[in-house]
Each structure stands twice: as C-alpha cells, then as structure tokens.
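User: Please take a close look at the salt bridges of this model. I would like a connected account of the pairs and of where their partners lie.

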Amino acid sequence: MAALCSDARLVPRGKGQKTRWTVEGDPTEGALLVAARKAGLDLDELQRSYARCHEVPFNAGDRCMTVLSRDQQGRQLLITKGAPEVVLDRCDRVRWGGQVMPLTPARRRLLEQRSEEMAGQALRVLAVAYREDGEAGAPLIFAGLAGMLDPPRPGVRQAIARCHAAGIKVVMITGDHPATATAIARELGILTPGGMVLTGRDLETMPDEELDRLVPAVQVYARTSPQHKSRIVRAWQRAGGVVAMTGDGLNDAPAVKEADIGLAMGQNGADVTKDAASLVLADDNFVTIVDAVEEGRTIYANIRKAIRYLLGTNIGDVFLTATAVLAGLPLPLLPVQLLWLNLVGDSLPALALVKDPPSPGIMRQPPRQVRSDFFAGEFSRQILTRGVFIGLGGLFLFALKLYLTGSVAAARSLALAGLLAGQLFHLFDCRLMDGGGQGYFSNPYVLGAGVWTVVTMWLTFMSRPVRGLLHTVPLTGSDWLLATVTAATTGGTALLLS
C-alpha cells in the first residue's frame, strides 16, 4: 500500500536474469518500492490499477504525505504515510490479524512500543494508514509500520573521529525520531557520553538564552523543522563558532544559506539548496568534507612555509648588506650576485614547499581563529630570527675571508656560498614548522630543489663562464667545509632560539 504513494521509480538495467534495478528519486521512497517488490507485488500492475488523482506532498510541519488514488471502477483510495506518532493520531481503526478492528488504547500502546523498538535499532520508521471510498470522516485505518536501515557510508565514523581530533564539533540535525537519531549518532560516534539530545518540541518552548547556554553540549537534534535548523545555526554563530551546514532537501535551504559555509549535495540535493550553498559536494559524501578540511589546512600550512622561507632568506640578504655597510666594510654582494641568489635560492625551493604533503598531525591541531593575524605568535619571530642568523653567517664568512686574504672577490664568493648553504638548511627547516614531520623524502619537489641548489652552487664557483658572469672565484675544499659548518651552526642556533 505504501508503494502507491511513493514518488520514486525502480528502473531496470540489463535484461533477463542479469536484470538489475536502480532507484530514481528519494532513497526512502525507493526503499518502499523495493520492499513491495520483495513481497511479491507487481508494481506495474498496481500503477495501472490505481491512477493518482491528488497528492499532498510531505512537509516538515505535518511530517506526512497523502495520496488520493482511483481504481478502474472509480473507487477512491486515500493513503497516508509519515511519522508514526502523526499517523496514529489520525487513526481510529487498525488492521489486526487481517481484520479491521478499533484502535484501542492497548493496541495503540503496543504499536507505539513497536515503533520505539524499531527506532532504537537505528531504523527510520514510517507508518502507513488508509481510507477506502465511501467512508466518511477524517479518521484512517492504521495499516502498519515500515522500518528502513540507512547504513552510513564506509569511512564516515573515522571521518567524524578525525573531526573531533581537529577540534571540529559534529552535530546531527534530523527530522527522524529521537530514538533513531540517538542510535545512529552513537553508532557514528557523534553522540558521546554526556552529550545532549533535543527535539523540535524542546526547541519550541526554549528561549534563545537557554539554547545559547545548552548549544555547546547538544550533539543531536531530532524531529526538527527548517525553522529549528536556522535557529540552531544562529545559536552557534552567537557562540562564536564558524558554522558549516550540510543539507540536501528543500527544507534545508534556509539553514544552508544562513550558515557561514553552506554545503549542498550534488547528486540527491534539491536545486534550491544547491543555489543557496557555498559548496556543492559532487559525491554526497561526508568523508569528502573532512578531506577538504585537511586539504585546506595543508594549503594554509604550505603557504606559511613558503612565506617563512622567502622572507627569512630576504631578511638575511638585507641584514648582511646593511650590517656590512654600517660597519664600513665593502659591499658584500654585487647586484648580479644578489639576483643570482634570489633566482637560485628562492624561487624553486619556495614553489617546492607549496607541494608538501599533509603533515601527519595536521588534523590534530586546533582550529585557528578566523580573524587571527597571519603573522601572529611565533611566526614573525621565527622569520626574523632565521633571517638574522642567515645574514650573520654570511657576514662572518665575508669578514673572515676578507681579513685572511684581503681579496674582496674571494670574500664575496665565500659569503655567497654561505648564503646558498644557509638557504638550503633553511629550506628543510621550514618543513618542520606548523607540526611538520612528513619525512625528508616525502616531497620529491623539495629534494629536487635541494639538488638544484647544490648543482648551481657548484656551477657558481667551478664553471668558468658562470664565474665570469657573476664575478666569483673558485672555492677550496676548506672554503666549502667552512661555508657548510657555518650554515649548519647558524641554522641550528636559530632553530633553537625560535
């Protein structure tokens, strides 16, 4: 009987014994059709026998759907399906043991108890009632209960655990029965010990001040209406949260639009909800949301690494030049050498840092404040400290070589080698920031940038055409060792201090 008021369709795929059926339309409606077919009913024959005359679609207020059909003899059949408590209130009789009997208080309690048991098993429960042609009055005949299991997709429980570790609070807002919502939330790890469950009826009598006080502790909202969803979003926003709201139905559109980040389902979502959303999920999968959070955090962390690297190296160049001039020393680097340093030591390594994979601990970090300063905290101090020590290393090498040899060209060459080596150490140092720890071999782009730096360092001082272009001189083995040790020492000291 419930199949007569289903808006879904079963569509055959293939022929003969290999025929497979797929559902077009709402999955819940499709489940009723599948149950009817498994019970041996001929759905095509039912649709030919009963023509749909009128329909009152499901709405969150009434929580039921009604269809009026007429058979080939002109007799009418009215069928209603919806929330058990709503449908039961509209019935005064029940089909019991194949016969229509009065719906006594005892039978009502038994049906309510059975509905609660099914809901407690994480089943989505629908009740079905009907009235045949010629029967006067509004009361219906209760026909039965249908329980549907909507199993979570693989990986959803793990994705929710990742959200909790990342400081993201996951809240379930559903129109299902409280027992169904509670069972599903416990299964997924949304409802934890001490978490609260509220119903739409609770929200109707609760002032905003009370909701604001309870909202951090509430993990499940059941039997909610669109107005309730929007009110919950506003309560979280008043609490200072950044709210992401997911939805697929028409009734979800207001809350999705009001949230800071609205997420609609691309496959089964209503068009109006997609239009109201900030993002549309192509696969309708919660796991994708968590993957997007991880990707966003990774991009943000990698941008910080690249900026730290670029600013640190450039501060080192500025510190070296400014300090040498103030000390009355010759210019430590020629303009062409500075340009070469920026080309070789800055561009490719910075681009390589942007390609870093996610850090193992990136989803265990707390969310950052939306209005937090990009350079707040230790970030600015790390940049300044590392830049100063890179510059100090170059200054030490320049002054030492100038004192020992008196050759400005040799001093500039050793200082340039020291800066290149310092930037190479700094490149790998930047990968440790923001909870890094991916391993030195996890990013081939960084390894390639490191090899590029080493090769260009060799060319800078050992290739005659390059030396002529950059005005450098060949370096001895002791020069290379001194530049490497100085870069490692200043880099390690800066890392300890920052």
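**Salt bridges between helices**

Analyst: Glu258 counts as partly exposed, because its relative accessibility is 30%. This value, like those that follow, belongs to a predicted model. The side chain of Glu258 meets that of Arg234 in a salt bridge, with 3.2 Å from N to O. Glu258 is part of helix α10 (residues 253–258) and Arg234 of helix α9 (residues 226–238), so the pair ties together parts that are 24 residues apart in sequence. Arg234 has a relative accessible area of 33% and is therefore partly exposed.

The structure holds 21 salt bridges. As a general matter, side chains of opposite charge can pair when their charged atoms come close.

A second pair consists of Glu294 and Arg162, whose side chains meet in a salt bridge at 3.5 Å, N to O. Here helix α12 (residues 286–326) contributes Glu294 and helix α5 (residues 156–165) contributes Arg162, so the bridge ties together parts that are 132 residues apart in sequence. Glu294 is partly exposed, because its relative accessible area is 23%. Arg162 also counts as partly exposed, at 25% relative accessibility.

A third pair joins Arg108 to Asp89, and the closest N and O atoms of this salt bridge are 3.5 Å apart. Arg108 sits in helix α4 (residues 105–120), while Asp89 belongs to helix α3 (residues 84–89); the pair therefore ties together parts that are 19 residues apart in sequence. The two partners fall into separate accessibility classes, for which the cut-off for exposed is over 50% relative accessible area. Asp89, with a relative accessible area of 60%, is therefore exposed, whereas Arg108, at 22% relative accessibility, counts as partly exposed.

Beyond these pairs, Arg63, Glu85 and Arg223 are linked in a network of salt bridges.

A nonpolar part of the surface may be set beside these charged pairs. Val451, Val455, Trp458, Leu459 and Met462 form a nonpolar surface patch, with about 450 Å² of accessible area together. Among them, Val451 lies in helix α16 (residues 444–462). Val451 counts as exposed because its relative accessibility is 53%.

Notes. Residues are numbered from 1 along each chain as its sequence is written. This is a predicted model: local features need pLDDT of at least 70, side-chain atom pairs count only at pLDDT 80 or more; totals for chains, interfaces and linings use all residues. Side-chain values use heavy atoms; hydrogens and water are left out. Patches are made of residues with over 30% relative accessible area and no salt bridge: like charges are joined within 9 Å, nonpolar side chains (Val, Leu, Ile, Met, Phe, Trp, Tyr) within 5 Å. Accessible areas come from the Shrake-Rupley method with a 1.4 Å probe; for residues, only the protein chains shown count as cover. A salt bridge is a side-chain nitrogen of Lys or Arg within 4 Å of a carboxyl oxygen of Asp or Glu. Helices (H or I, at least four residues) and strands (E, at least two) are DSSP runs, numbered from the N terminus. Buried means under 20% relative accessible area, exposed over 50%, partly exposed in between (1.4 Å probe, protein chains only).
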